[in-house]
Structure formats: structure tokens, C-alpha cells
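Biologist: I am new to this structure and would love a close look at a single part. Could you take me through the metal site, and then show me how its surroundings fit together?

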Amino acid sequence: MNLKKTKTREAILSILSNSKFPLTADEIFEKIKSNGNFTLSTIYRSLFSFEIAGIIKKEVSTDKKSVYSLNTPMDKHVLVCVKCHKKVIISGCPYHEANKKISHETGFQIIDHNTEIYGICPECLKKGEK
Ligand SMILES: [Zn+2]
Ligand SMILES: [Zn+2]
């Protein structure tokens, strides 16, 4: 591993740990490109090796893009409005009890679930009522 790659990896990890929301590779690139000699392809490569190592997780967002977030034991969820794409962080895990029930009923060991929960925000609901 050369120095440049290490720099990219460090930059990506710091961006992801400071971000409230999962980010796409493009968004990560936008945030770090001014700090050094980064290219989108090295970012993709680093993201891939992080994913393999279980350091980050990759999910598919509402607009069908791959988004990345740190794979922390702290479970957090994001409510996404399907109309205006507003995002709201919710604390705690609504799946916690549900996963236990699913495990019990199916014999599956649940190891992961999607971070995003989809809905329609109060503002969009109001607009819809008019
Ligand atoms: Zn909305
Ligand atoms: Zn959860």
C-alpha cells in the first residue's frame, strides 16, 4: 500500500465519520478533492476494500445510487421523504424488537437491515391535502 492510497483511505474515513448521512462515492469525492490528489477511481477502490473489510457498508438509496456509511455498532436510521427527499435522523432502532421476532419465527440470524426508512414528510402530506 503506498502513501497516496493511505491518504485517500484516511480522507474517506474522516468524511464518513463526520457525515450524518450515508454518502455516494461522488459526494465523497466532492468533499475531499480539494484536499489533495484524489481521483474518483481510487475512492471507489478504497470504498471497495473498506466494504470487504467490513469497515463501511454499502446500501442503495431512494434514487438507486450506492451510498456508503461507517459500519458502526451504533445503529442509526434515516427517515427519507419520497416526495421532497428530505432526510431526518431518528434515534434508536425501530427494527430491534422486530428482528428478534423474525429470528425467532424464521431461524434466521439477522445481521443487517437498511438504514433508510421511506415515507412522506408532514410538509408534503399537507401539500397533498390541498
Ligand atoms: Zn417531503
Ligand atoms: Zn436499526
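Modeller: Happy to! The site of the zinc ion (ligand 1) is tetrahedral, with angles of 104 to 115° among its 4 donor atoms; four donors earn that word if all angles lie between 85 and 135 degrees. Those donors are the SG atoms of Cys81, Cys84, Cys121 and Cys124, lying 2.2 to 2.3 Å from the zinc ion. A donor here is an N, O or S atom within 2.8 Å of the metal (3.2 Å for Na, K and Ca), and water is not among the atoms, so sites may look incomplete. Along the chain, the zinc donors follow the spacing C-x2-C-x36-C-x2-C.

A word on the background: this is a predicted model, where local features need pLDDT of at least 70, side-chain atom pairs count only at pLDDT 80 or more, and totals for chains, interfaces and linings use all residues. Residues are numbered from 1 along each chain as its sequence is written, chains are lettered from A and ligands numbered from 1 in the order in which they are written, and side-chain values use heavy atoms, leaving out hydrogens and water.

Stepping back, the protein is divided into domain 1 (3–70) and domain 2 (77–129), with bounds from an automatic or database domain assignment. Their centres, taken over C-alpha atoms, are 24 Å apart. The contact (heavy atoms within 4.5 Å) takes 8 residues from domain 1 and 11 residues from domain 2. Across this interface the rule finds 1 salt bridge, meaning a side-chain nitrogen of Lys or Arg within 4 Å of a carboxyl oxygen of Asp or Glu. Lys57 and Asp112 form a salt bridge, their closest N and O atoms being 3.3 Å apart.

Key: Four donors count as tetrahedral if all angles lie between 85 and 135 degrees; four count as square planar and six as octahedral if opposite donors are over 155 degrees apart and all others between 65 and 115; anything else is irregular.
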